[in-house]
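This briefing covers charged side-chain pairs and one helix. The structure is shown below, followed by notes grouped by topic.

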Amino acid sequence: MEAVTNKGSRIRYSSFGDRVFDICNFLFMICLVVVTLYPFVNTLAVSLNDANDAVRGDIYLLPRMWTLDNYKYVFSEALIIQASFISVLRTVLGTVITVFCSAMVAFTISRQEYVLRKFVSISFIFTMYFSGGLIPGYLLIRDLGMLGSFWVYIIPGIIGVFNLIVIRSFIEGLPDGILEAARIDGAGDFAMFIRVVLPLIVPVLATVSLFCAVGQWNSWFDVFLYNSSKDYLSTLQYELMKILQNTNTTQTQSAAEVFANSANTNALTVTPTAIRATMTIIASVPIIMVYPFLQKYFVKGMTVGGVKG
């Protein structure tokens with residue numbers, strides 16, 4: 001049996017086991033793709049299906065009764081557009097500031113000449129396992145004057161300890177000769193960090209950025225705690241959560257009642273199931289759209305970082 005490479009040349013499988021492995025690997029990858037994509041496709045189908053009809057079930061890959069009413073219902077809420085802007089703003093600013101600050105601290109505690117590196121590292125790690133709790137945290141935010149402020153989304157989590165450890169470990173793997181050469185050329189610590197270290201740690205920065213962006217985009221509890229009375233600082237996730245709660249509260253009809261009222265023009269137009277599926281799509285699509293653009297930075301960063309050998 002022969003296989004064709006990208007350049008058009010042919011290679012021969014050395015044994016029957018190689019052919020079996022390739023076939024099994026191909027089938028496994030197909031199953032993995034199906035298992036990964038099906039929940040999302042099914043959720044999309046439910047969100048695009050008539051809410052009353054969705055109660056009947058048996059919706060798999062395609063909607064049975066196409067409609068955009070679920071999306072119209074969600075986006076009819078007055079604060080959705082403003083909340084979407086706040087979510088995008090906090091995701092972009094929060095990711096950039098958090099990654100940059102975490103990288104600076106990671107670079108500092110990775111340097112052997114920094115005498116307090118062990119103490120600072122232990123202090124950061126300690127906060128991963130012990131915290132003051134919800135009430136002391138709220139009192140701290142209040143005393144800092146950040147209640148009702150946009151920066152309450154950014155400043156409290158400006159240093160992510162897990163991200164800090166990941167970045168520090170990557171920096172410690174860089175060749176010492178590169179940093180020593182930069183220092184001999186007269187570069188200071190900050191210049192060395194900006195011009196030498198950052199280009200070499202792009203892979204880990206891209207990975208950490210994705211973690212931070214997903215965390216910021218999905219966050220809603222901090223809005224509930226600190227800015228629930230400030231509608232102009234509400235986020236998309238918080239507004240979607242309120243819509244879902246409102247839908248769960250107001251929809252008290254059973255499936256039998258939905259079927260009985262299906263011919264009535266005033267029948268139920270939305271259900272918690274349909275709204276939940278619609279919210280899932282709205283919340284996940286932006287991150288899914290961002291990931292392909294971030295993926296190229298993974299590859300580019302690996303290429304740049306490959307000079308470390």
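R168 and E172 form a salt bridge, with their closest N and O atoms 3.9 Å apart. The model is predicted. Both residues lie in helix 7 (residues 161-172), and because they are four residues apart there, about one helical turn separates them.

**The R168–E172 pair**

- The separation of 3.9 Å falls inside the cut-off, because a salt bridge requires a side-chain nitrogen of Lys or Arg within 4 Å of a carboxyl oxygen of Asp or Glu.
- R168 has a relative accessible area of 18% and is therefore buried, the limit for that class being under 20%.
- E172 is partly exposed, at 41% relative accessibility.
- The bridge thus joins a buried arginine to a partly exposed glutamate.

**Helix 7**

- The end C-alpha atoms of helix 7 are 16 Å apart, in agreement with the 16 Å expected for its twelve residues at 1.5 Å a residue.
- That expected span is 1.5 Å times one less than the number of residues, which is why twelve residues give 16 Å.
- The buried residues in helix 7 are V161, N163, L164, I167, R168 and I171.
- Viewed down the helix axis, these buried residues fall within an arc of 150°, so they line one face of helix 7.
- The buried residues of helix 7 pack against helix 4 (80-110), helix 5 (117-129), helix 9 (189-200) and helix 10 (202-218).
- R168 is thus listed among the buried residues of helix 7 and is also a partner in the salt bridge with E172.

**Other salt bridges**

- The structure holds eight salt bridges.
- Side chains of opposite charge can pair when their charged atoms come close.
- R142 and D143 meet through their side chains in a salt bridge, at 3.3 Å from N to O.
- In that pair, R142 is partly exposed at 44% relative accessibility, whereas D143 is exposed, with a relative accessible area of 56%.
- R183 and D189 form another salt bridge, and their closest N and O atoms are 3.1 Å apart.
- Both partners of the R183–D189 bridge are partly exposed: R183 has a relative accessible area of 39%, and D189 has 46% relative accessibility.
- R183 and D189 belong to one network with R111 and E113, joined by salt bridges that share partners.

Conventions. Residues are numbered from 1 along each chain as its sequence is written. This is a predicted model: local features need pLDDT of at least 70, side-chain atom pairs count only at pLDDT 80 or more; totals for chains, interfaces and linings use all residues. Side-chain values use heavy atoms; hydrogens and water are left out. Buried means under 20% relative accessible area, exposed over 50%, partly exposed in between (1.4 Å probe, protein chains only). Helices (H or I, at least four residues) and strands (E, at least two) are DSSP runs, numbered from the N terminus. The arc is that of the directions from the helix axis to the C-beta atoms. Contact means heavy atoms within 4.5 Å.
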